[in-house]
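This report describes how selected parts of one protein model are arranged. Please keep the sequence and the structure in view while reading.

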Amino acid sequence: MPDGSASGTGGQPAPSAPGIDLAGSDPGTVVPAARTGAEAPGTTTTGKDGHTSPVGRLAATVERLRQEVRAAQAEADGRALVELAKGILVERLGCGPTQAARQLEELAEQAGVTPLEFAVDVINQASRDRLSEVTTAFLAAATGRADGDGSSAVRLRAAESGALAARDAQAVADSLLDHALMPLGAVAVAIWALSPDGALTLAGSAGFSAAEAERWWYVPPGVATVARRGLGDREDQWIASLSKTGLPSLGQYQYPDGGRVAVPAGAGGRIHGVLEIVWPAPLEPQPPQIVRQIEALGELCAHTLETSAHQHPEDDHKPRILPDVAELMDLADGLHDPALVLVPYLDAGGDLVDFRIQHVNSRFLDPAGRPRGVVSGALLLEAYPMAAGHSELFEQVERVYATGEPYRTHRMRLTALVDDVPLAAVADINITRHGGSVLLIWRIEDETARLASLLQHAQRLGRIGGFEENLLTGEITWNGQLYSLYGKPDSSGPVPLEDLPAHAHPDDAVAIGRFLRTLLHHRRPASTAFRLQRPDGVTRHIRVVAEPVLDSDGRLFVVRGAYQDISAQHWTEVALAATRDQLVHTEQQASERARLTLQLQHAIMPPAQAPLEAPGLRVAVRYRPAETQNLVGGDWYDAVVLPSGLVLLCVGDVAGHGIEAATSMVVLRNALRGLAVTGAGPGQLLAWLNMVAHHLNGAVTATAVCGLYDPERRTLRWARAGHLPPVLVRVGEAAALPLVKGMLLGAVPEAGYEEHEVQLAVDDTLLMYTDGLIERRDRSVEESLAQLLTAARTVPPTLDQQLDRLLTYSRSDTDDDTCIVGVRVA
């Protein structure tokens with residue numbers, strides 16, 4: 001609607017009040033009321049006697065005239081609807097106009113509604129259109145109201161009346177905004193016309209400035225706008241706030257945060273444009289009756305866009321080209337691809353239900369092999385019922401007809417139903433709209449060409465070349481890949497089989513001769529491998545396979561076969577043979593090294609040690625190295641009777657594995673045994689052993705537990721260097737000894753170690769072990785130690801059985817060395 005203007009029915013301006021000069025404003029222009037608190041100096045609005053000033057009286061007059069104009073507009077709109085209802089009653093009741101008017105008033109009074117609302121109800125009963133469904137619901141809700149002429153039903157019918165009587169889309173936009181949209185809170189409306197090329201043209205608008213409408217009169221194809229979104233989805237677009245979408249649109253600076261609705265204006269399955277409605281503030285979700293009202297207004301716009309021209313005034317001199325069906329049929333006949341010309345097929349209600357195949361060109365090929373005459377003139381879904389299935393062909397045709405946007409795709413699967421048997425084909429599809437018709441072009445994929453292309457690629461990837469040689473005529477056929485294998489240009493002649501020895505390495509003459517005799521003389525399929533010497537000096541390893549073809553008399557007349565380049569396979573086999581030889585040599589070296597390391601292991605730590613002979617004491621040991629390759633680890637143990645009569649018991653663990661850890665372990669083990677003869681206690685022995693470890697080459701670190709057992713007193717004095725404490729098993733209970741202080745060996749030059757003494761009794765078992773027995777990656781050391789204590793409570797008859805059981809049920813998963821020393825008091 002132009003700035004500050006209001007339109008009457010049918011887009012005609014309302015008459016202005018006689019004798020009133022409104023400063024040149026259009027009829028219906030709002031004149032500001034007199035100021036109430038900020039008047040100009042010296043101006044008064046009310047005298048002492050209570051009468052208004054001239055400015056106040058003028059404002060009251062303007063307001064009264066505006067109300068009269070609105071009433072006149074409403075009366076004019078209502079009069080048109082009442083007259084239409086009278087005409088319907090005259091036709092239905094067979095009475096005159098006067099009797100119809102009297103009947104209308106009496107029926108309205110009986111129904112408890114206004115004559116205008118009853119007139120709308122009569123129109124609804126007669127028309128039975130989409131607008132009737134909406135207005136009937138409003139009338140049912142408005143029954144008994146006094147403001148019938150202002151109800152939604154009356155406004156919708158008034159908007160329809162104005163739209164049908166409008167001379168162009170601009171007048172329709174004015175009528176829709178004034179009668180139907182302003183009561184809903186809308187402030188502007190735009191009617192977009194869809195061009196055949198997909199462009200959008202502003203056919204009419206209201207509520208926007210003239211400059212804004214001029215800037216937006218044309219939107220090229222492919223530009224994303226609010227209206228374009230409604231076209232792409234073919235459904236109503238309800239946008240709460242325009243700024244949140246980031247889409248440009250008409251009035252985006254005037255109402256940046258306002259709500260928008262884009263309604264496709266379609267009729268008969270074809271979209272003619274878009275109705276875009278603007279609200280000044282963010283739009284809340286609307287009730288269903290408002291949504292149906294907006295959809296009904298979109299259908300009104302479709303009728304207007306379908307029956308009127310939508311060109312911009314500057315383009316009136318440009319002719320609008322809409323090819324008819326005959327021209328489209330001529331175009332299809334000139335194409336080299338199969339094509340169908342489709343026209344919409346509507347039902348009695350004007351809805352699109354199918355497309356009729358109006359014409360098929362001479363190059364048309366039916367997937368089922370049916371003649372052109374059977375397909376031409378049939379409905380698309382009758383001829384191809386499977387088009388509505390997974391291929392989505394019918395849906396794409398319908399979309400192109402509705403929006404005008406072309407559709408192209410490759411390798412769409414088409415299915416034709418012939419005698420209830422589905423026949424499938426693959427085709428490239430091109431769908432375009434021309435005026436009111438649709439051109440469908442499909443190029444069915446040639447299966448023979450596809451298989452030939454597939455075979456060509458397979459030969460290229462497999463480096464295979466085929467040949468056929470006629471022995472009677474001497475004709476030889478090679479494919480291009482075979483020329484490439486031979487290193488010969490395509491212009492040169494092929495090589496006969498009998499000349500094959502001349503192109504092969506002399507050492508392969510015997511193998512080639514055997515191949516030719518089997519093939520040509522014995523007439524059996526044959527194959528052989530040889531070295532092909534190409535003209536460019538390159539030697540390739542080739543395998544040739546051929547078979548004879550006999551005629552009806554049993555004579556050989558054709559030989560066909562193939563050459564394959566197996567050079568890569570040959571050199572791979574050579575490399576594999578060399579690798580196998582290298583592996584055999586490596587295995588022999590590994591076996592010899594394993595034998596030597598096993599001898600070293602047995603020399604350092606015997607696999608089975610005789611029980612220690614000590615009074616009242618039984619000692620057993622178990623050792624399990626972690627590194628199976630070298631069979632040598634860093635764990636060590638010792639149990640020996642000293643000259644003083646005491647028994648030295650110790651267990652240690654050198655960091656690392658293999659021979660390096662084993663050599664350090666030997667040094668520490670022998671050093672501790674030599675230091676023990678001095679008679680020093682276990683704390684002093686570990687202090688001396690720490691100095692030895694610290695000064696070894698390679699920064700050796702280790703943990704250890706050292707104990708001295710007195711057979712006479714049955715006491716054990718022990719100390720630890722960063723090692724787990726021993727476990728004491730007594731009368732079915734197992735507990736770890738106290739965790740005395742002691743740093744691991746080799747960390748610092750000097751360190752002190754605490755000692756602890758424990759009194760042992762007959763049948764007590766003392767277990768000294770390394771961390772390889774209990775450590776796990778998924779739990780703490782405390783949890784692993786608790787599991788060891790649980791397992792140690794079970795005491796078998798012999799000490800050896802107990803140690804074997806602990807090794808068997810060990811849950812360690814760190815692949816570390818394991819050493820156990822068991823001591824049982826007798």
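The sections below treat a sheet, a buried strand, two cysteines, a helix and the nonpolar cores. The model is a predicted one.

## An open sheet and its helices

An open sheet is built from 6 strands in the order S3-S2-S1-S6-S5-S4, and the pairing is antiparallel. Which strands stand at the edges of the sheet? Strand S3 (218-219) and strand S4 (237-239) do, and because each has a single partner strand, one side of each is left without a neighbour in the sheet.

Strand S1 (residues 188-194) is joined to strand S6 (residues 270-278) by 6 bridges, and the two run antiparallel. Within this pairing, Val 189 has Ile 277 of S6 as its bridge partner.

Two helices pack on the sheet. Helix H8 (residues 226-233) touches S1, strand S2 (200-206), S3, S4, strand S5 (260-267) and S6, and its direction makes about 140° with that of S6. Helix H14 (residues 393-403) touches S1 and S6, and the direction of H14 makes about 60° with that of S6.

The loop between S1 and S2 holds Ser 195. Is Ser 195 buried or exposed? Ser 195 counts as buried because its relative accessible area is 17%, under the limit of 20%. Leaving aside neighbours within four places in sequence, Ser 195 is in contact with Thr 201 and Arg 433.

## A buried strand and its partners

Strand S19 (residues 647-654) is mostly covered, with 8 of its 8 residues buried. Both faces of S19 are covered. On one side lie Val 647, Leu 649, Val 651 and Asp 653, and on the other lie Leu 648, Cys 650, Gly 652 and Val 654.

Strand S19 pairs with two strands described here, as the table shows.

| Strand paired with S19 | Bridges | Direction | A facing pair |
|---|---|---|---|
| S18 (residues 635-641) | 7 bridges | antiparallel | Val 641 and Val 647 |
| S20 (residues 702-710) | 8 bridges | antiparallel | Ala 704 and Gly 652 |

The hairpin of S18 and S19 has 5 residues between the strands, and in this hairpin Gly 645 takes a positive phi near 95°.

## Two cysteines without a disulfide

How many disulfides does the model contain? The count comes to 0 disulfides. Cys 650 is in no disulfide, and the nearest cysteine sulfur, that of Cys 706, is 5.9 Å away. A disulfide requires the two sulfur atoms to lie within 2.5 Å, so this pair does not qualify. Cys 650 is buried, with a relative accessible area of 1%. Cys 706 is likewise buried, with a relative accessible area of 1%.

## A helix and its cover

Helix H17 (residues 509-521) has 13 residues. From its first C-alpha to its last, H17 reaches 17 Å, which is close to the 18 Å expected at 1.5 Å a residue. The buried residues of H17 include Ile 512, Phe 515, Leu 516 and Leu 519. What covers the buried residues of H17? The cover includes strand S14 (526-533), strand S15 (539-550) and strand S16 (556-565). Just after H17, Arg 523 takes a positive phi of about 55°.

## The nonpolar cores

In soluble globular proteins, nonpolar side chains tend to be buried together. In this model, the largest nonpolar core has 27 residues. Among the residues with the most contacts inside this core are Trp 636, Leu 648, Val 654 and Leu 668. The elements that give two or more residues to this core are S18, S19, H19, helix H20 (682-694), S20 and strand S21 (715-721). Helix H19 gives the largest share, 6 residues.

Leu 668 illustrates the packing. Apart from its neighbours within four places in sequence, Leu 668 is in contact with Trp 636, Val 654, Leu 689, Val 692, Ala 693, Leu 696 and Ala 702. Another core, of 26 residues, lies apart from the largest one, and its members include Phe 364, Leu 380, Tyr 401 and Ile 431.

Helix H19 (residues 658-676) also contains Arg 669. Arg 669 counts as buried because its relative accessibility is 15%, again under 20%. Arg 669 and Asp 638 are 31 residues apart in sequence, and their C-alpha atoms are 7.4 Å apart in space.

Key. Residues numbered from 1 in each chain as written. Predicted model: local features only at pLDDT ≥ 70, side-chain atom pairs only at ≥ 80, totals over all residues. Heavy atoms only, no water. Buried < 20%, exposed > 50% of the residue type's maximum accessible area, 1.4 Å probe, protein only. Pairing = 2+ DSSP bridges. Helix = DSSP H or I, 4+ residues; strand = E, 2+ residues; numbered from the N terminus. Contact = heavy atoms within 4.5 Å. Axes fitted to C-alpha atoms, helices over the stretch in contact; angles between N-to-C directions. Expected span 1.5 Å × (residues − 1). Core = buried A, V, L, I, M, F, W, Y, C linked by side-chain atoms within 4.5 Å.
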